[in-house]
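This report describes selected features of a structural model. Please view the sequence and the coordinates together before reading on.

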Amino acid sequence: MRARPVMLFVCTAALIGACGSTEDESDPWSDGKGDGFGEQRQIDVVMTAPFCDVCTPEDKTVLQARSPVTAKLVAMIDAAQTSIDIANYTFSVRAIEDAILRAKQRGVTVRLAMDASQEMGDTAAVRLRAGGVEVRFVKGGGTPAGLQHAKFMLVDAVSLATGSNNWSSTGTSINEESTIVITSADGDPLVGGFQCHFEAIWAAAPTDAGACSTSEVAFSPSSKPIALIKEEIARSRTSIDVLMHHLVFDDLVKELAKAAERGVKVRVIINAADRAEATGSAWNRLAAAGGTIRYKQTNAAIYQLMHHKLMVVDDRVVVNGSGNWSGSAFFKNFENYVRYRDPRIARPYRALFDRLWLWSLSGASLDAGKTAAQQHADETKVYFGNLHAHFAANASGAALDDGKAIRADAQGVMQPVDVGDTPSDAARYAYEYARDEGQLDFLALSPHTTEDGALEQGDPANMIPAQYEQLSLVASDVTRQSSGMFVALPAMEWSTNSAGNHVNIFGSEALAKVPTGRFDLLYGEHLAGLEKGGEKPLVQLNHPRTFRAAGNTSLNGNWDQVFDVSLRDITNNSDREKKFNDFGLDDFEPMRTQRPRWISGDAMPDRAIVDQTLAAVEAAGRSYVRLFEVLVGRGTEFAGETRENPSLTKDATTGAVTRYTRVHSDWDYYLLKGFETAPTAPHDNHFANWGTGHSSRTAVIATALTEGALLDAIDARSVYASEDEELELRLYADGRVPMGQHLTTRAAAASLSVFLSDADYTGAFEVRVYAAQIGGEAVREVKRVSLAGGQWQSITIDLAAGKQFVYLEVVEPSPDRMAWSAPIWIERL
């Protein structure tokens, strides 16, 4: 391999301006747009993410052996060609030490700058110095001297690893830590700033450190980090989440309080052992403004810590680095604080914070001895509504959506409904009817949208941007007027049944004017662009039709997949040409190349090709896909206001009742293929009876009845599907992991905590536990129990080794209604 050129940064006081830049009004990136180099950076966020909350020595042994941080750092060192510069505070991992020695032996120039406290005994740094590696033991500034507390590595002057990680046995295993790895190109100002900072550390010149700062990274000892953090707090509009080992700088606590006072949601997590640090007037002001604090429990006996030093602003900007928010970190220590405006970084840190927020406890919960599950259940409520509905909307005779302004009266006769004269009137009518007559807590109107084009009378429904903006305004107004009792959600249903099926998109202000059926463009360009712009779009897979219904032997029909036959045997050309295209299956390799040969009959459908392609589809949509419709809408059948169960069909001749859902067919199939989705119950309503036509509901477990809280809950898959209008279902694993989330465990069994309640039902519930291995052949019922309502009860299930999922199917015998929880994904080590 050709060696990359090495960029040399010599940062003496005289040359400091060539390596870093101070923030001033002439800085083109001081307006918050970044340094302009983001597109050229390859990003890898590596987290310890210990599976244990309060870890044991045995947990530590397992985590050390599988440490992703150690593996990544060793791989970077082993790939080094010319130079490695390392700054760290403590260092004890032998695998990293051995990799450094290998690099030295093959001629790589290695420099290691450690805190002065490491120059003692048999530390890794002392051993490396004895092995010929150039090592310096450095103090920070001030009196008494601060620390060399920066934690980063530069490889070949183009790759950077930086974060909270000490290279210690705890820092790479049981601690909550992270390292961001950036591979860039020559001239990257972020890499250049770190090279400059390393030279200041190497020269033991703390007064030079701050001058290495750029618009996106601040170094200490200096006031630069404080300015960067304050600037980002001041920019916040919706939320600030802080994960901090030590937060003892009152000026920044006051800034957080100011943000909370102007309506920003502020959440802070610190270690439970440091609870006393979160006291005083600044903290009181933050709490009074609505800021919330939780405490992460750890095992002090084995030196476990929540060791992160980061802030996530508006779910899109991350400030992360080596330094706590403390006076010594800012003014005495060598530290780094980096601001990232990249969805590739914001996304995993949002997930990290959400996981630790679930696991951590408030002061009141700690004092009361609650589990994380008990706290979550106490602080959330189940809201019932619908996430897929339509309304009658037209513009100059052309359809914007395909709802009908009619419904059936008590005798079953269709009657016209006056929904108003404009699309906005019709939307308002739908929302208010759902609230007042349907008794829903929320309703999403999801008009159809496809690619741009001239909209003419007779064309299929296709919402236009101007009217979607009006829909959003109407939704906001109805929500405001509902005073916390109802949320009107704007959404959209993209694509067509024939071109890959429909999906609903939530959380976006922009219509998906993406070429019809092009899921590769939807995920890779449209939704990714929205996320980069600060939105958090979420996707629901609508009315799947993967396989023929049981007993159907006909090859014709609109279902998607069929094997062991030639597709040329399908006599209906239209049906044949639509095969193997659901949810983008035909937009990704290898199916994109192979499918034309199947359609023509030149090759037989191949399950392995489908599996490979579904893996690619799942990866492309992983950041956005959260929901999967498992119940049927029957929106063209249930036109009245009788709240019928859409899953049940009564034979007019025999009176026999059959249930049809997509749970154990389509949903199970996609779960087995690795899609992590929660089940929903649509109305897909094409009549003016929102909430009254069906008894089925999508239930969302959220902290409040607001649009933001509902979307956050959907993002967390805190959702279940119910044929009943008010069946409350709660599910947790091991006292801390709610439905929709992940559990990793060394145990051979998991304890499921279940709560069921229905105000209209007093009998026992039949609960069936379904489970399967990811990539397995089938989902199977593994346990069946009878549970009383209104109380917490436990179910213990055995776990196989590897990755699996488990969900509940709940049966309410009278009046024969069912519900399905979101899965919990479990990995048994």
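Is Asp564 buried or exposed? Asp564 counts as exposed, with a relative accessibility of 58%. The model in which this value was computed is a predicted one.

**Confidence of the model**

The mean pLDDT of the protein is 93, and 96% of its residues reach 70 or more. Over residues 1-32, however, the pLDDT is below 50; this stretch nevertheless has 66 contacts in the model beyond near neighbours in sequence.

**Salt bridges**

Side chains of opposite charge can pair when their charged atoms come close. In this model the count comes to 57 salt bridges. Three of these pairs are listed below with their N to O distances.

| Pair | Distance, N to O |
|---|---|
| Asp315 and Lys536 | 3.0 Å |
| Arg607 and Asp564 | 3.1 Å |
| Arg768 and Glu766 | 2.7 Å |

The salt bridge between Asp315 and Lys536 has its two residues in separate loops: Asp315 lies between strand E12 (309-313) and strand E13 (317-321), and Lys536 lies between helix H16 (519-532) and strand E25 (538-541), so the pair ties together parts that are 221 residues apart in sequence. Asp315 is buried, because its relative accessible area of 18% falls under the 20% limit. Lys536, with a relative accessible area of 23%, is partly exposed.

The side chains of Arg607 and Asp564 also meet in a salt bridge. This pair links distant parts of the chain, 43 residues apart: Arg607 belongs to helix H19 (residues 607-621), whereas Asp564 is in the loop between E25 and helix H17 (573-577). Arg607 counts as partly exposed at 45% relative accessibility, while its partner Asp564 counts as exposed at 58%.

In the salt bridge between Arg768 and Glu766, Arg768 counts as buried at 17% relative accessibility. Glu766 is partly exposed, with a relative accessible area of 26%.

Beyond these pairs, a network of salt bridges links Glu216, Glu231, Glu232, Arg235, Arg339 and Arg341.

**An open sheet and its helix**

How many strands form the open sheet with the order E1-E7-E6-E5-E2-E3-E4? There are 7 strands in this sheet, and their pairing is mixed. Strand E1 (42-47) and strand E4 (134-138) stand at the edges; each has a single partner strand, so one side of each is left without a neighbour in the sheet. On average, neighbouring strands of the sheet are turned by 10° against each other, direction ignored.

At the E4 edge, strand E3 (residues 109-115) runs parallel to E4 and is joined to it by 5 bridges. Within this pairing, Leu112 stands opposite Val135 in E4. Helix H11 (residues 343-359) packs on the sheet, where it touches E1 and strand E7 (178-183). The direction of H11 makes about 15° with that of E1.

**A helix pair**

Helix H3 (residues 68-79) and helix H4 (residues 94-105) pack at an angle of about 5°, with their axes 9 Å apart. H3 and H4 are therefore roughly parallel to each other, because angles under 35 degrees count as such. Which residues meet between these helices? On the H3 side they are Thr70, Leu73, Val74, Ile77 and Asp78. These meet Ala95, Ile96, Ala99, Ile100, Arg102 and Ala103 in H4.

Note on methods: Residues numbered from 1 in each chain as written. Predicted model: local features only at pLDDT ≥ 70, side-chain atom pairs only at ≥ 80, totals over all residues. Heavy atoms only, no water. Salt bridge = Lys/Arg side-chain N within 4 Å of Asp/Glu carboxyl O. Helix = DSSP H or I, 4+ residues; strand = E, 2+ residues; numbered from the N terminus. Buried < 20%, exposed > 50% of the residue type's maximum accessible area, 1.4 Å probe, protein only. pLDDT = per-residue confidence, 0-100. Contact = heavy atoms within 4.5 Å. Pairing = 2+ DSSP bridges. Axes fitted to C-alpha atoms, helices over the stretch in contact; angles between N-to-C directions. Parallel < 35°, antiparallel > 145°, perpendicular 65-115°, else oblique.
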